[in-house]
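Please study the sequence and the model shown below. The paragraphs that follow lead through selected parts of the model one after another.

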Amino acid sequence: AFQSAERTDLASVRTLLEEDDVLDDICDEAGLKSKDIKALRKAIQELPSEEQAAAAAADPVEEWLASIEMSKCLEAFRAAGRTTIAKVRELLEDEDALDDLTDEADLKAKEAKQLKKAIEALPEAAAPAAPAAEEGKEKKKPADPVAAWLDAIELADELGTFKRYNIKTMDDLSKLSIDEGRIDDLVDECGMSAAQVKAFRKALTEVPKPKDEDDNEGVPLKSRSAQKEKEAAGKSSGLIVVGEVMMVEGMKKKGHFMVDVNVGQGKPLAIVTTEELNEGDKVLVAKEGATVKSKEVKKEKVAGEFSEGKILTLSEAGWGNSDDIAKAPPNSSPGDAPPQKKGAKG
């Protein structure tokens with residue numbers, strides 16, 4: 001009966017509510033009883049509007065990309081199988097996949113950064129609704145202590161950025177408080193306002209020191225320092241070596257350089273430094289896992305790029321108090337153990 005009346009799509013069925021004669025003819029042709037006619041009319045009234053139907057059929061990833069003015073990435077997202085918001089969120093745990101996607105979409109560095117920040121801002125998957133909290137009860141804080149700390153200074157949306165910088169525990173926050181370079185990088189990456197920067201820096205000074213620093217209470221400072229140096233030297237054995245600078249490239253952030261360093265084994269390490277070096281320079285390099293001045297060297301973002309190690313200064317190498325770069329003897333080779341002091345023969 002609907003086909004005879006040329007009502008073959010939902011849009012034309014909806015118009016029957018304004019064409020009672022046509023609807024009556026359909027009901028007569030279909031031989032409907034009064035009860036059935038009433039049920040049919042009600043069903044037509046409950047059909048979603050064209051706008052509602054379009055929204056229900058819409059691609060949530062397409063809508064999200066349009067909202068952040070990144071619609072040109074849609075085909076790249078579909079090609080990568082990122083067709084739901086949940087799958088888009090997973091990109092935060094897969095840097096390689098995200099890099100491939102931004103390459104496929106031919107994004108510039110600024111656009112790639114904008115996209116990553118938008119993904120970090122996506123809400124987590126909704127959890128089952130909990131009973132409403134009683135009035136007067138304290139708001140439940142996040143279980144993650146770093147998340148709770150960020151929430152307290154109104155930077156909760158930046159948790160993903162902090163995790164990318166390997167700040168996942170309160171101990172990591174404590175170590176951050178004495179690393180001005182990484183603090184500046186985080187301020188830039190998060191786009192903090194002046195008020196947020198002030199609150200952030202103040203909160204950092206109030207982060208408790210790692211527990212192991214309190215365990216030495218009562219031990220003379222000189223003995224404590226010697227003990228730490230001995231432990232660090234044992235842990236860093238083989239992880240601090242001579243490296244030869246293979247390539248130096250200026251970075252977008254003024255005063256920072258990306259340096260490829262041959263350390264004798266495997267591919268050269270990509271290290272970010274603020275020191276101006278030349279190809280062929282022999283330097284001391286702390287690889288990932290080494291301990292330098294009580295701080296473990298990790299692969300982490302510096303000035304927006306991953307740094308795979310650290311080029312040591314004279315003070316960090318134990319060759320004095322200068323912050324100049326520790327140069328290895330010219331006759332040393334990549335991968336050699338560092339001399340015990342400046343000027344020693346390799």
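In this predicted model, helix H13, which covers residues 180-190, packs against helix H14, which covers residues 194-205. The angle between the two helices is about 145°, and their axes lie 11 Å apart. The crossing in which H13 passes H14 is right-handed. On the H13 side, the residues that take part are Glu-180, Ile-183, Asp-184 and Val-187. They meet Val-197, Phe-200, Arg-201 and Leu-204 of H14. Sorted by class, this contact holds five nonpolar residues and three charged ones, with no polar residue.

These two helices belong to a chain with 16 helices and nine strands. The protein chain has 346 residues, and 34% of them count as buried. Contacts in the chain may also be considered by their separation in sequence. Among contacts with a separation of 6 or more, 54% are between residues 24 or more positions apart.

Open and enclosed spaces come next. Rolling a probe the size of a water molecule over the atoms shows where empty space is left. The second largest pocket contains about 1000 Å³ of space. Its lining consists of 33 residues, and those nearest its centre are Ala-109, Lys-113, Lys-301, Gly-304 and Glu-305. Several elements each supply at least two residues of this lining: helix H8 (95-104), H9, H11, H13, strand S1 (240-250) and strand S8 (305-307). Which helix gives the largest share of the lining of the second largest pocket? That helix is H9, with seven residues. By class, the lining of this pocket has 20 charged, nine nonpolar and four polar residues.

Helix H9 spans residues 109-120, and Ala-112 has its place there. Is Ala-112 buried or partly exposed? Its relative accessible area is 23%, and since buried means under 20%, Ala-112 counts as partly exposed. Ala-112 is in contact with Thr-102 and Leu-107, when neighbours within four places in sequence are left aside. Thr-102 is 10 residues from Ala-112 in sequence, and the two C-alpha atoms are 6.2 Å apart in space.

Helix H11, another contributor to the lining of the second largest pocket, runs over residues 159-164 and includes Gly-160. With a relative accessibility of 25%, Gly-160 is classed as partly exposed. Along the chain, Gly-160 and Ala-121 are 39 residues apart, while 8.5 Å separates their C-alpha atoms.

The model also contains one cavity of 30 Å³ or more. About 100 Å³ of space lies in the largest cavity. The residues that line the largest cavity are Tyr-165, Asn-166, Ile-167, Asp-172, Lys-175, Arg-182, Lys-295, Glu-296, Lys-298 and Glu-300. Helix H12 (170-176) and strand S6 (295-296) each provide at least two residues of this lining. Seven residues of the lining are charged, two are nonpolar and one is polar.

A residue in a loop completes the account. Ser-71 is located between helix H5 (60-67) and helix H6 (74-79). Its relative accessible area of 44% places Ser-71 among the partly exposed residues. Not counting residues up to four places away in sequence, Ser-71 touches Leu-65 and Ala-66. Val-61 lies 10 residues from Ser-71 along the chain, and the C-alpha atoms of these two residues are separated by 9.4 Å.

Notes: Residues numbered from 1 in each chain as written. Predicted model: local features only at pLDDT ≥ 70, side-chain atom pairs only at ≥ 80, totals over all residues. Heavy atoms only, no water. Axes fitted to C-alpha atoms, helices over the stretch in contact; angles between N-to-C directions. Helix = DSSP H or I, 4+ residues; strand = E, 2+ residues; numbered from the N terminus. Left-handed = near helix turned anticlockwise from the far one by under 90°. Contact = heavy atoms within 4.5 Å. Nonpolar A, V, L, I, M, F, W, Y, C, P; charged D, E, K, R; others polar. Buried < 20%, exposed > 50% of the residue type's maximum accessible area, 1.4 Å probe, protein only. 1 Å grid on protein atoms, 1.4 Å probe; cavity = no way out; pocket = protein on both sides within 12 Å on 5 of 7 lines; lining within 4 Å. Points joined across faces, edges and corners; volume = space filled by probe spheres on them.
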